Amino acid sequence: MEGWEAFANSLAVNPAVLTQQNRGRRSLTRGSTVAPHCTYFFDDVYYHPLDCGLQIWEGSNSLCILHDPDPNKDVDLFNETLEKKIQQIEKNPSIEEIILAGVVFPATNPLKDEASLRGMSFRKAVDFSSVKFRGFANFEGTQFGDRAVFSFTKFDRGVAFDKAEFVGRAVFDHTEFSSQAYFRGVRFAREAHFESVKFRGFAAFPSAEFEGNTDFSNADFGEDAQFVRSKFQSGGTFSGAQFRAGANFSYAVVGKTLEYRGTSFPPLHSDTEIEFHFLTFQAPQALRFEDVDLSRVSFIGTDLTQVHLVGCRWPSKTERRFWPVPLWSQQRLVVYDELILEERDVKGKMPKVTLPLVADLYRQLRINLEASRQEIEAGDFYIGQMEMRRRDTSYPLIYRLLLACYRAVADYGESYWKPFAWYALILTPLFALAYWALGTVAYANGFFSALTAGVLFREVPEGVVAWEKMLVYFNMIADIFLLGLTLVALRRRFRR
Ligand SMILES: [Zn+2]
């Protein structure tokens, strides 16, 4: 014992301390720095795993301040550490990408010191995969010089990317925006990926510029989505996306294509609208709808002859018709804009919707659908176009009265059986009755005369007075007119 103690004394170290030091030294042989490392380990499906490399901070047993999930951690230290890390990587030519995967931004006061990367510029690619922003995230005017990845990133509060510029590819797939997301005037110089993104708050992309391919497929818009005046210069898709509230694409510019395949828009009985007003197309058939419910979609001012429409569902409208039976009603397909004209509360929101503009939509739709052989829809929209004219008081009264007759007799030439029914069931018995009542002929002869008046140029019976002659001529003209209408409608049907 004495020898051991003497040896220990000669080293001037307490044996207990010695064993502690040995333990410390053993742990040092594993790490490369003096203090222990953050144990955060990120294994992403797209990228190689990440080992953090920062030291554990005093508030945690195993993590650095960047990866510590505590939302109330030391904000100043967090910002300082983050800034230092970014600057070091930017200066180091051997590192290509700023990887911030898994970082948890503290829940700071959104009004004071938000997680602000405002006006910053990243020269290198930056990876925010699976980052959690516990507070408001401000990227206003931020420049992303290369690729920017926000895959699986969670924004718990609002986020602003207003006037930010993405020079490289922008990846926001599976990103969750729990509150408002502002992308006003943002510029995406290359592809913008927003696949399966979730917006739980307002999604604002007004005047956004999408210069590369833009992919919002399977995106989920929980609140209003604003794309007013945005520019889709290359291909854009919202296929499989879900719009649970309203959306506005008015005044958007479509360069190549903008596609909505299987997109879910609000149903007829909801109180929100999807607006595609006054869009500009730089290529034919640029706007594409396939298998979409257009019950609440308004198209005022947009040239629908240039829109690709396949398998779309239109709202229908039931109208009271007083002929031939009281309470007779008829259904036809309409555009939502016609329904707006009748819903005063909606009309207040959309003063742009007027009778002539809706008539124009119908005209364009008819041309479009006839060209793509969707005859039934085309016929209904032709009726819609005529209906708008009949109601429009800027047309002369006589023209509108003629349209009303044409509608009653033949649905503006779309029905072939209606004029025939007028001829066979109403006018012929009436004229027969008249001939018989006047004593001109027996009823059976009168019926035969009335039935064949338009078919054969019958001779007027001898000895009848002038106004009886008039009756015969009137019968003739009415029959020729009605049979003519039947033939016109039949020809129209078979030509299509
Ligand atoms: Zn870490």
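Two residues are taken to be in contact if their C-beta atoms, placed from the backbone, lie within 7 Å. By this criterion, and setting aside residues up to four places away in sequence, Val159 touches Phe133, Ala137, Phe177, Ala181 and Tyr182 in the predicted model described here. Val159 is a good place to start, since the largest nonpolar core has 99 residues, and Val159 and Val335 are those with the most contacts inside it. Helix H6 gives the most to this core, contributing six residues. Another core, of 15 residues, lies apart from it and includes Trp422, Phe431, Val472 and Leu482.

The overall make-up of the protein sets the scene for these cores. The secondary structure comes to eleven helices and 38 strands. The protein has 496 residues, and 38% of them count as buried. Among contacts between residues at least 6 apart in sequence, 37% join residues at least 24 apart.

Three helix pairs are worth walking through in turn. Two packed helices are described by the angle between their axes and the distance between the axes. Helix H6, spanning residues 355-371, packs with H7 at an angle of about 160°, and the two axes are 8 Å apart. Angles over 145 degrees count as roughly antiparallel, and H6 and H7 are therefore roughly antiparallel to each other. Their crossing is left-handed. On the H6 side, the contact is made by Leu355, Val358, Ala359, Tyr362, Arg363, Leu365, Arg366, Leu369 and Glu370. These residues meet Glu377, Ala378, Phe381, Tyr382, Gly384, Gln385, Met388, Arg389 and Arg391 in H7. Sorted by class, the residues of this contact divide into ten nonpolar, two polar and six charged.

Helix H7 (residues 375-391) also packs with the helix that comes after it in the numbering, H8 (residues 397-410). Here the angle is about 140° and the axes are 9 Å apart, which makes H7 oblique to H8. H7 passes H8 in a left-handed crossing. From H7, the residues involved are Met386, Arg389 and Arg390, and from H8 they are Arg400, Leu403, Ala404 and Arg407. The contact of H7 with H8 holds three nonpolar, no polar and four charged residues. Arg389 takes part in the contact with H8 and also in the contact with H6.

Further along the chain, helix H9 (residues 417-437) and helix H10 (residues 443-452) form another pair, with axes that come within 8 Å and cross at roughly 135°. That angle makes H9 oblique to H10. In this case the crossing is right-handed. Thr428, Phe431, Ala432, Tyr435 and Trp436 of H9 make the contact with Tyr443, Gly446, Phe447, Ser449, Ala450 and Leu451 of H10. The contact of H9 with H10 comprises eight nonpolar, three polar and no charged residues. Phe431, one of the H9 residues in this contact, is also among the members of the 15-residue core.

Helix H11 (residues 466-495) is the place of Leu483. Leaving aside neighbours within four places in sequence, Leu483 is in contact with Tyr423 and Gly454. Leu483 and Val455 are 28 residues apart in sequence, and their C-alpha atoms are 8.7 Å apart in space. A residue is buried if 20 or more other C-beta atoms lie within 10 Å of its own and exposed if 12 or fewer do; Leu483 has 17 and is therefore partly exposed.

Two loop residues close the survey with a feature of the backbone. Most residues other than glycine have a negative phi. His174, although not a glycine, has a positive phi of about 60°. His174 lies in the loop between strand S15 (170-171) and strand S16 (176-177). With 19 other C-beta atoms within 10 Å, His174 is partly exposed. Asn218 likewise has a positive phi, near 60°, in a residue other than glycine. The loop between strand S23 (214-215) and strand S24 (220-221) is the place of Asn218. Asn218 has 20 C-beta neighbours inside 10 Å and so counts as buried.

How values were computed. Residues are numbered from 1 along each chain as its sequence is written. This is a predicted model: local features need pLDDT of at least 70, side-chain atom pairs count only at pLDDT 80 or more; totals for chains, interfaces and linings use all residues. Axes are lines fitted to C-alpha atoms, for helices over the stretch in contact, and angles run from 0 to 180 degrees between N-to-C directions. Helices (H or I, at least four residues) and strands (E, at least two) are DSSP runs, numbered from the N terminus. Angles under 35 degrees count as roughly parallel, over 145 as roughly antiparallel, 65 to 115 as roughly perpendicular and the rest as oblique. A crossing is left-handed if the near helix is turned anticlockwise from the far one by less than a right angle, and right-handed if clockwise. Ala, Val, Leu, Ile, Met, Phe, Trp, Tyr, Cys and Pro count as nonpolar, Asp, Glu, Lys and Arg as charged, and the others, Gly among them, as polar. A nonpolar core is a set of buried Ala, Val, Leu, Ile, Met, Phe, Trp, Tyr and Cys residues joined through C-beta atoms within 7 Å.
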